[in-house]
Amino acid sequence: MSIRRPELIFPSEPTLEGAGVHLRRGVGHDRGLIERFDPFLLLDDIHSKNPENYRAGFPWHPHRGIETVTYVLRGEVDHGDSLGNRGAIGSGDVQWMTAGSGIVHQEMPQRWDGDMRGLQLWVNLPASHKMMSPRYRDVAAATIPECRMAEGVTVKVIAGRVNGCEGPVTDIVRSPTYLDVTVSAGGTFTHPTVASHTVFAYVLEGAATFVPGDPRSVSADHVVLYGNGDSVAVAPGADGVRFLLFSGEPLREPVAWRGPIVMNTEAELERAFVEYRDGTFIKEGRHP
Ligand code: FE
């Protein structure tokens, strides 16, 4: 067994997105890191007590070539799309969407009395699946298993498997692991990871060291990109830690990325934007 060590540790970056949403971008702001995070493209973190920071939301916009996983920790996000889906993602709920050949949707965080927080992960689709049929699913909070592991270690399994617990999000093409891990002071989270996978963490609350004996304590709103190895071990500081852990097999394909559309070549990108202008972007469903 070789334990993974943090290779990069950096804070998420304040970013203005959508129609004026103030969020923090954990992954995706530095194009030089696309290969290092492959197959993951982006991780955005909306976190605010002030609704003015997020209420403008993300009005109608297209996606193609990716899958998105939206996880609302606290709050409510209204959603509608070109497949005819309409609904709200509430506290603890997850929504995943395969944009595939094309979806046009809107995501509108609603006024929330308190500390709203929601995260969105983008997972790249392989070239063979970029133009697959779009699909969408809501995953209710109650269906996400909460696994008690070692003393003081609790894991909500959104995708993947921990001990006997399997997450409900099973149809993301790249089959990533997505865990929401809480460790209280004195506990240690250990988890096997496939050696060939990209593994990274994002700290939500508290602080921890991400390899035993590491002098670096990593605090909230920081990304930890792991180097090679076949397991991870995380030990929290005095106030415990809550973090997200992601693991996935890299695609190792060229990435052509503009805004909400991620393809393999510039020509494919160009075609997508021309189609969007022409009204031929949506292959299944109806442009809203
Ligand atoms: Fe979107």
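Colleague: Before we start, what counts as a helix or a strand here?
Modeller: Helices (H or I, at least four residues) and strands (E, at least two) are DSSP runs, numbered from the N terminus. Keep in mind that this is a predicted model.

Colleague: Thanks! Where does Pro39 lie, then?
Modeller: You'll find Pro39 in the loop between α1 (34-37) and β4. The peptide bond leading into Pro39 from Asp38 is cis, with omega near 15 degrees.

Colleague: Nice. On to the inside: which residues touch the most other members of the largest nonpolar core?
Modeller: Those are Leu121, Tyr178, Phe200 and Phe246, in a core of 28 residues. Among the elements giving two or more residues to this core are β4 (40-48), β11 (116-124), β19 (198-209) and β22 (231-248).

Colleague: Is there a second core, and which residues does it include?
Modeller: A separate core of 23 residues includes Val199, Val224, Tyr226 and Leu245.

Colleague: Back to Phe200. What is Phe200 in contact with, leaving aside neighbours within four places in sequence?
Modeller: Its partners include Val27, Phe37, Phe40, Leu43 and Leu121, and also Val224, Leu245 and Phe246.

Colleague: Changing topic: which residue other than glycine has a positive phi in the loop between β15 and β16?
Modeller: That's Asn163, with phi near 45 degrees. Asn163 sits between β15 (161-162) and β16 (165-166).

Colleague: Why does Asn163 count as exposed?
Modeller: Because its relative accessibility is 57%, and exposed means over 50%.

Colleague: And what is phi for Ser175?
Modeller: Phi of Ser175 is near 45 degrees, again positive in a residue other than glycine. Ser175 belongs to the loop between β16 and β17 (177-183).

Conventions. Residues numbered from 1 in each chain as written. Predicted model: local features only at pLDDT ≥ 70, side-chain atom pairs only at ≥ 80, totals over all residues. Heavy atoms only, no water. Core = buried A, V, L, I, M, F, W, Y, C linked by side-chain atoms within 4.5 Å. Buried < 20%, exposed > 50% of the residue type's maximum accessible area, 1.4 Å probe, protein only. Contact = heavy atoms within 4.5 Å.
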